[in-house]
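Let's work through some short exercises on cysteines together. Have the model open as you read, and try each task before looking at its solution.

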Amino acid sequence: MIFSSPQEKGCHKHWSWRGIMASSLMGLLLLQAVSWASGARPCIPKSFGYSSVVCVCNATYCDSLDPLVFPAPGNFSRYESTRSGRRMEMSTGTIQANRTGTGLLLTLQPEEKFQKVKGFGGAMTDAAGLNILALSPSAQNLLLKSYFSTEGIEYNIIRVPMASCDFSISTYTYDDYLDDFQLQNFSLSEEDTKLKIPLIHRALKMTQRPISLFASPWTSPTWLKTNGAVNGKGSLKGQPGDIYHQTWANYFVKFLNAYAEHKLKFWAVTVENEPTAGLITGYPFQCLGFTAEHQRDFIAHDLGPVLANSTHRDVLLLMLDDQRLLLPKWAEVVLNDPVAAKYVHGIAVHWYMDFLAPAKSTLGETHRLFPNTMLFASEACVGSKFWEQSVRLGSWDRGMQYSHSIITNLLYHVAGWTDWNLALNLEGGPNWVRNFVDSPIIVDIAKDTFYKQPMFYHLGHFSKFIPENSQRVGLVASEKNDLDTVALIRPDGSAVVVVLNRSSKDVPLTISDPAIGFLETISPGYSIHTYLWRRQ
């Protein structure tokens with residue numbers, strides 16, 4: 001195994017955590033000068049007592065990555081994050097003509113092709129906007145750069161709630177005027193015009209990649225609902241095809257028009273965030289109930305035709321947007337109807353009940369039944385279950401939950417993976433029903449500081465290296481093992497392999513690319529690696 005690290009001087013692996021935090025200002029400035037000179041800036045680690053560290057960022061300093069540069073032919077790059085504190089540290093190795101290792105062999109099978117990837121990202125909720133804009137302008141920029149620029153993890157997907165959700169500080173829709181069936185009073189809120197839209201534009205200016213936006217509604221105006229409330233058990237009044245359903249479909253077009261006036265165009269909309277939530281008596285926050293049959297008919301009679309006959313006919317429609325344990329049933333109900341099916345591009349899934357729903361019998365079976373319908377992971381976060389602590393600063397386990405989910409989804413034909421809030425406060429909010437959760441970036445407003453958690457870097461091991469239209473390919477292991485692995489070929493023809501080790505044991509490893517040779521490496525306990533190499 002031949003490794004060299006061009007960033008060795010700047011890597012924090014040579015410093016103790018306490019040493020960094022206690023170092024003099026002069027010493028810190030010297031370290032920063034060294035790291036800035038070499039491009040990537042090292043993590044300033046801080047432990048809050050949860051198994052690993054966060055990286056501390058403020059108005060003047062934030063860790064960063066070099067823009068992606070391919071290794072020379074015959075070499076590979078390895079990016080490493082570990083529980084012990086490494087954060088996407090890059091080293092290079094030489095691809096060998098012959099195998100020298102005797103341990104696990106992973107063999108790339110580039111001729112075995114699966115789904116193309118759409119991408120990775122997170123949600124610009126009201127809460128995320130409030131937290132980001134509570135920072136000083138320079139800290140805001142460093143946070144957005146961390147997510148969207150070439151010196152960050154290069155997200156290419158942003159989810160946008162249509163009006164309020166639980167991660168808002170009040171409940172509102174875009175037309176809270178009784179029986180306004182013509183939607184004459186439809187208007188965006190200040191949360192859109194002052195928080196979400198300006199921040200999305202700033203992200204667009206920072207990125208080198210096209211960013212795809214998708215929108216999801218939580219509730220319709222209450223005058224369209226059977227229970228007359230934003231939350232609780234309630235669905236649209238009347239029947240598909242009637243004035244209530246038509247008005248709700250027209251609301252989507254009004255939303256897309258309004259954002260287009262602000263020069264933002266959407267890639268997709270989901271029919272409804274968690275449609276089964278609105279079937280539950282006493283559901284605590286914004287929801288709108290649909291059964292699978294009701295969603296099918298609403299798509300067929302209302303939303304599908306209304307979008308198709310609008311100037312937004314190229315905006316894709318994603319059904320479900322709820323737990324994967326509802327699959328394949330929901331897919332069968334909606335997509336076996338030829339009228340509804342012609343309007344549906346994909347199926348969006350949330351991760352919250354995954355522990356009850358094996359990927360094979362849900363995602364795998366749905367792909368078998370509907371191989372041409374995209375599967376897309378549209379929401380995930382940790383800390384939402386009643387037994388979980390909302391925020392655990394520096395939790396490596398939560399990072400592993402993210403990367404394990406992403407790899408599992410990729411292995412079962414899912415084309416993208418979307419985190420929930422881009423940034424939350426120390427409490428895991430704000431959230432008007434106190435449904436606090438964790439986020440890859442936590443903002444400490446009082447200190448004008450934000451913390452990049454292990455979740456952030458676990459996501460970055462995918463988002464930075466797997467651009468849109470990369471294609472998953474075969475990767476076969478020589479023996480049963482405890483690693484989570486996935487391989488993809490990027491549009492430029494180079495190969496990416498991600499290796500997650502959730503165990504405490506180091507695993508010697510050889511990756512074989514039949515066209516190139518052998519990558520001899522080791523997967524340390526509690527680590528995630530991304531490997532990158534040219535194939536021509």
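The exercises below look at the cysteines of this predicted model.

**Exercise 1.** Find how many disulfides there are and how the bonded cysteines pair up along the chain.

*Solution.* Start with the cut-off: two cysteine sulfur atoms within 2.5 Å make a disulfide. By this rule the count comes to 2 disulfides. One joins Cys43 to Cys55, with an S to S distance of 2.1 Å. The other joins Cys57 to Cys62, also at 2.1 Å from S to S. Counting bonded cysteines along the chain, the pattern is 1-2, 3-4.

**Exercise 2.** Work out the handedness of the disulfide between Cys43 and Cys55, then describe where its two ends sit.

*Solution.* First, take the torsion about the S-S bond: it is about -105°, so this disulfide is left-handed. Next, locate the ends: Cys43 lies in the loop between helix H2 (25-37) and strand E2 (45-47), while Cys55 belongs to strand E3 (residues 53-57), 12 residues apart. Finally, check burial, which means under 20% relative accessible area. Cys43 has 3% and is buried; Cys55, at 0%, is buried too.

**Exercise 3.** Do the same for Cys57 and Cys62: is their disulfide left-handed or right-handed, and are the two residues buried or exposed?

*Solution.* The torsion about the S-S bond is about 60°, so the disulfide is right-handed. Both Cys57 and Cys62 are buried.

**Exercise 4.** Decide whether Cys165 is part of a disulfide.

*Solution.* Look for the nearest cysteine sulfur: that of Cys381, 11 Å away. Cys165 is in no disulfide. With a relative accessible area of 1%, Cys165 is buried.

Terms used. Residues numbered from 1 in each chain as written. Predicted model: local features only at pLDDT ≥ 70, side-chain atom pairs only at ≥ 80, totals over all residues. Heavy atoms only, no water. Helix = DSSP H or I, 4+ residues; strand = E, 2+ residues; numbered from the N terminus. Buried < 20%, exposed > 50% of the residue type's maximum accessible area, 1.4 Å probe, protein only.
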